[in-house]
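Biologist: I have a model open on my screen and a few things I'd like to ask about it. Could you walk me through them?

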Amino acid sequence: MTVKGIRLWIISCLVFMMLVVTACGNNGNGQQEEGAANAGSGQASSEPVKISWLGNGTAGLYPEEDSYVVQKLNERFNVELEVVEATSTNEQEMSMLYASGDIPNHFLVSANGIANVIEQGLARTVPVGMIQEVAPNLWAATLENYPLLERMSIYKDGELLAIPQGTRELFPLTAVRTDWLEELGLDMPTSLEELEEVARQFTEEDPDGDGQNNTYAFSMTTGYHNIYTIAAAFGISLPGGTVKDDMWLEGEDGRLIKAQVSENFKELTMYLANLYEKGYIYPDVNVKDDGALFSDGIVGMRTAGWTALMPKYRPSDWYAMTFTKNPQATTDYLPPLMGPNGEEAVFENQSSVWRYTGIGKDTTDEQLKKILEIMDTQLVDMDVHNLIWRGEEGVHYTVNENGMAVLTEEYSSQEKQAEAGLKFFIVNNRNEEQMELSFGSEAEPQRKVQENYKTKEQLIPSGTIIESASKYGADVEKVEKEFFLNVVTGIWDAEKEWDSYVKRWHAAGGEEITNEVNEIYENL
């Protein structure tokens, strides 16, 4: 065969092959299949992306894969979601899941469990560049909530080992019975000295007018939580309730010390011991239901997380019951108190990590991008946000006169909510419009109260993994609380016991924790 003949034979073969490919790509009506067209054009396949998702279960209940929310998300994002039934806060369940080796593409991790996930290599990293590109709103919200993100243990060389979830919560607030203040002719206290006088009169001057000596200023039944506003007057923040992190202060030598072994803490315990000795604090520090002490009119002050002080949001809780049991009751919030030597109260900004989003170690980039897209869209698209948080308006929820979304009677039970898939796919970040749907207008007065608080940023960011705290934390906390309660209730003298307490604290593991924290701080 000549060269020319060989060329013609090659061309004929190529034409024949092209015809075969074209015929294979047609769907019988002479039209090319969408998948083949996408492949030829370099576009991504239209096949749904399969994603296994361990989300926010409802009291151990989970949605079926044909539930309302799952189906809608599948359609909206071109995915095929597989619901993984496990509770992220249940260590035993999560350990069994990890041991199986079948790690979900998306899974929630408790704040206490993230170190184990990282150590075992159960999660893949999430490139910051990918988040910025695919989920810019999620990235912006994460930075807003965690301004010290690059200092957190989950940030390594431009990648996240997990995505933190949580919000920069409002500070806890102290509710005060203002009808008691009015009855006694008192103003809201603004200093520690004025607070002591209010505490005295709340205890001794019959503020409820029933002629009996049966009232107190506040209780100590929740440990640090009920004295949060008072502690701020001494320049420290103590964990309790919505406040999750320990506070670290810079000592005179430049090294960090934990608030509970600072002079500030000692002065706080002495102030409280004085009030307790005079009978202004409810005497039984072991009562479990201190909310009832407030709602029953036994104490005139109680500190709580901001959502607990929303009677329309929590109509059956102790705060709302206060007004049911005492129709004449009125309340307002205790302002920051001027501390010793006229010093202004200081509140530590804490971006406490509620939990983390982990991405399973075998998750592909394609799956990760879809996960990020779902997380991102619910932050800015109200239709998707409402779908994930509460379903369809008129079917699963309605909006009341206060602007708050309320589940319909049919979907008021946890079983029905799980059946529909409500809140299983939530990201715990919300913009103002979304916050109002969750809480109505009740949060606005609280925000205004705290607008002018003097604040400081954390020296050790939320989410910092302190390995020695996992080992020694419980023993150290036991020493701290023993000192606190014994001093406040008058069993120990703070001045006499202080040096011995600090030695016991260091011996219990405080020394190791302090050394590790300072090493972390030096490397920030």
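Biologist: Which residue in strand 6 stands opposite tyrosine 155?

Modeller: Keep in mind that this is a predicted model. Strand 5 and strand 6 (residues 159–160) run antiparallel and are joined by 2 bridges. Across from tyrosine 155, in strand 6, you find leucine 160.

Biologist: What is the strand order in that open sheet of 3 strands?

Modeller: In general, strands of a sheet pair through backbone hydrogen bonds, either parallel or antiparallel. Here the pairing is antiparallel, and the order is 4-6-5.

Biologist: Why is one side of strand 4 and of strand 5 left without a neighbour in the sheet?

Modeller: Strand 4 (126–127) and strand 5 each have a single partner strand. One side of each is left without a neighbour because both stand at the edges.

Biologist: Let's move to the second largest pocket. Which helix gives the most to its lining?

Modeller: This pocket has a volume of about 510 Å³ and is lined by 19 residues, with Ser153, Lys156, Ile465, Glu467 and Ile520 nearest its centre. At least two lining residues come from each of helix 5 (114–120), strand 5 (155–156), helix 19 (467–488) and helix 20 (494–523). The top contributor, with 4 residues, is helix 20.

Biologist: And how many charged residues are in that pocket's lining?

Modeller: Split by class, the lining of the second largest pocket has 8 nonpolar and 4 polar residues. The charged ones number 7.

Biologist: What about closed spaces: how much space lies in the second largest cavity?

Modeller: The structure holds 4 cavities of 30 Å³ or more. The second largest cavity is lined by 12 residues, and Tyr146, Pro147, Leu148, Ser351 and Gln458 lie nearest its centre. Its lining divides into 5 nonpolar, 5 polar and 2 charged residues. The space in this cavity comes to about 70 Å³.

Biologist: Now helix 17: which elements do its buried residues pack against?

Modeller: Take residues 432–439, which make up helix 17: Gln434, Met435, Leu437, Ser438 and Phe439 are buried there. Buried here means under 20% relative accessible area. The buried residues of helix 17 pack against helix 14 (365–380), helix 15 (382–390), strand 15 (397–399), strand 16 (405–407) and helix 18 (443–450).

Biologist: One last thing: what phi does glycine 440 take?

Modeller: Glycine 440 comes just after helix 17. Its phi is positive, at about 70°.

Methods. Residues numbered from 1 in each chain as written. Predicted model: local features only at pLDDT ≥ 70, side-chain atom pairs only at ≥ 80, totals over all residues. Heavy atoms only, no water. 1 Å grid on protein atoms, 1.4 Å probe; cavity = no way out; pocket = protein on both sides within 12 Å on 5 of 7 lines; lining within 4 Å. Points joined across faces, edges and corners; volume = space filled by probe spheres on them. Nonpolar A, V, L, I, M, F, W, Y, C, P; charged D, E, K, R; others polar. Buried < 20%, exposed > 50% of the residue type's maximum accessible area, 1.4 Å probe, protein only. Contact = heavy atoms within 4.5 Å. Pairing = 2+ DSSP bridges.
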